[in-house]
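Me: I've got the model open and want to go through it piece by piece. Can you take me through it?

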Amino acid sequence: MSRQRSMEKIQTSTYVSIGELARLTGCRYSTLKFYTEEGMLPFEQPEENLTRRFPREKAVSRLKEIQRLKAQGLSIPEIKALL
Amino acid sequence: MREWTFAQGFALLALNAQDSLHMTTAKKIAVRCMAAAAILEWELDQGNLQGPFSTISEEDVENLAAVPHQQEVLRELLKRKEGLQTALPERLKQVIHFSNRILKRIESSFADPLKGMDLLEEIPNLLGCDMNYVTASVTMREYRSNEEAYTRITEGLRAEILEDGEMTDETILMLWLLRESSCLYDFFSKEELKRVAQRMTQLYQTNAMARAILAIDIHRAPEIAVKNFLRGKKEAFSTPIGTGVDFVFPFLERSQSIFIETEAWFENKEQRLQDVEARLAQYGHHYTVLRQGAVPLIRIDNVLYEAVPTAVQMKVPVQGMRLRKYPL
């Protein structure tokens with residue numbers, strides 16, 4: 001049994017799950033998954049079969065950076081090259 | 001934006017796009033599940049979700065003034081002997097017997113605080129502009145959840161369900177509520193639903209709480225059948241072929257084919273458009289005319305519609321414009 005963490009706790013924790021990152025940023029799950037698989041979002045996966053965890057501050061600032069570059073009209077390969 | 005509770009989060013998903021004035025079949029299903037969500041939330045708060053049974057007292061209900069939706073549902077259970085001291089499955093099943101009057105009260109206990117928190121609003125439904133509804137003085141309004149809150153809830157939920165790893169209690173309960181309210185199709189694609197089914201089986205085998213909750217059903221099969229039929233019908237008439245068929249036979253799906261009568265016979269294209277604009281403005285819709293001409297293109301509440309000149313045969317022929325979704 002595990003309870004969902006409140007937004008207050010998520011906002012102060014060092015690592016967050018992908019679900020918590022979606023709740024925190026309002027980004028779509030498919031977008032986060034795509035960025036993760038493209039290596040655009042930093043994450044840790046200590047051992048195989050363990051779920052990915054994201055360093056909250058780095059991941060949130062990286063997402064903001066990606067959104068800013070997208071708003072400037074850059075494509076995903078261009079953004080990847082810049083990051 | 002203020003943080004919402006578990007039951008309020010489910011209400012934001014369940015009430016979105018529901019008729020806010022009338023107790024439709026789809027809304028009955030949604031509000032029953034919202035009542036179940038309020039019970040689960042209370043049990044979660046008490047830390048008694050897996051206990052053999054729990055007791056509700058008058059004092060418990062009085063102490064819940066700050067959480068009106070829990071208070072309303074528990075007060076209703078308190079009136080029923082079966083709701084007082086029972087195991088969770090029996091208590092949850094009580095919501096099946098709630099009448100329309102009770103469901104209306106429960107809906108208000110959820111909707112009013114959510115409106116106060118700017119998480120829910122009532123907007124006019126385009127169908128209310130249709131000549132048949134206007135002349136019958138039928139007002140049509142629907143709920144719209146705050147877009148940001150809605151995305152945060154649904155995407156957080158989707159991520160936790162579709163990704164590997166442990167699910168939280170709230171997500172398991174939300175998954176069950178979505179299944180019982182027949183809302184899973186709204187949030188997952190056909191491919192994703194296979195993964196959801198896998199995850200549910202996995203949960204059933206490994207998680208005691210999930211095993212207990214997934215075995216409970218609080219839906220009425222005829223109501224779910226009606227809801228699914230109406231959803232399927234709406235989807236069928238949203239396709240390019242369906243839109244054409246609905247234009248010829250609008251009674252098949254009125255929500256996708258809205259007729260707005262013109263003020264006078266044989267109006268020109270500018271006058272026809274003016275009449276349509278006047279009706280949309282009268283009912284508080286946000287619209288922009290994107291293309292003028294004989295068949296104007298209008299964006300109404302962020303959806304594109306073509307306004308096609310046509311006439312309907314009543315006692316006398318009535319000329320007007322029929323709004324139909326613009327196929328993208």
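**Hairpin, sheet and interface**

Me: Which residue takes a positive phi in the hairpin of strand 6 and strand 7 of chain B?

Reply: Gly293(B) takes a positive phi near 120° in that hairpin, where 5 residues sit between strand 6 and strand 7 of chain B. Helices (H or I, at least four residues) and strands (E, at least two) are DSSP runs numbered from the N terminus. This is a predicted model, in which local features need pLDDT of at least 70 and side-chain atom pairs count only at pLDDT 80 or more, while totals for chains, interfaces and linings use all residues. Residues are numbered from 1 along each chain as its sequence is written, and chains are lettered from A and ligands numbered from 1 in the order in which they are written.

Me: How many bridges join those two strands?

Reply: Strand 6 and strand 7 of chain B run antiparallel and are joined by 4 bridges, with Tyr287(B) having Ile300(B) of strand 7 as its bridge partner. Two strands pair if DSSP finds at least two bridges between them.

Me: And is strand 6 of chain B buried or in the open?

Reply: The number of buried residues among the 5 of strand 6 of chain B is 0, so this strand lies largely in the open. Buried here means that 20 or more other C-beta atoms, placed from the backbone, lie within 10 Å of the residue's own, with 12 or fewer counting as exposed and anything in between as partly exposed.

Me: What's the strand order in the whole sheet?

Reply: The sheet in chain B is open, has 5 strands in the order 5-9-8-7-6, and pairs antiparallel. Its edge strands are strand 5 (257-261) and strand 6 (287-291) of chain B, each of which pairs on one side only. From one strand to the next the twist averages 35°.

Me: Which helices pack on it?

Reply: Helix 15 (residues 240-248) of chain B packs on the sheet, touching strand 5 and strand 9 of chain B, and its direction makes about 165° with that of strand 9. Helix 16 (residues 269-282) of chain B also packs on the sheet, touching strand 5, strand 6, strand 7 (297-300), strand 8 and strand 9 of chain B, and makes about 110° with the direction of strand 5. Axes are lines fitted to C-alpha atoms, for helices over the stretch in contact, and angles run from 0 to 180 degrees between N-to-C directions. Two residues are in contact if their C-beta atoms, placed from the backbone, lie within 7 Å.

Me: Switching to the interface, how many residues does each chain give?

Reply: The contact takes 19 residues from chain B and 16 residues from chain A. On the chain B side, helix 9 (147-162) and helix 10 (169-180) are the elements that give two or more residues, and helix 9 has the largest share, 9 residues. By class, that side has 3 nonpolar, 5 polar and 11 charged residues, where Ala, Val, Leu, Ile, Met, Phe, Trp, Tyr, Cys and Pro count as nonpolar, Asp, Glu, Lys and Arg as charged, and the others, Gly among them, as polar.

Me: How does helix 9 of chain B pack with helix 2 of chain A?

Reply: The two helices pack at an angle of about 170° with their axes 7 Å apart. Helix 2 of chain A and helix 9 of chain B are therefore roughly antiparallel to each other, a label for angles over 145 degrees, with under 35 being roughly parallel, 65 to 115 roughly perpendicular and the rest oblique. Ile18(A), Gly19(A), Ala22(A) and Arg23(A) make the contact from helix 2 of chain A, and Arg152(B), Glu155(B), Gly156(B), Ala159(B) and Glu160(B) make it from helix 9 of chain B.

Me: Is helix 2 of chain A mostly covered or uncovered?

Reply: Mostly covered, since helix 2 (residues 18-25) of chain A has 7 of its 8 residues buried. The elements covering those buried residues include helix 3 (29-37) and helix 4 (56-71) of chain A together with helix 9 of chain B. Just after helix 2 of chain A, Gly26(A) takes a positive phi of about 75°.

Me: How many helices and strands are in chain A overall?

Reply: Chain A has 5 helices and 2 strands, in the pattern α-β-α-α-β-α-α along the sequence. Of its 83 residues, 24% are buried, and its C-alpha trace spans about 45 × 30 × 20 Å along the principal axes.
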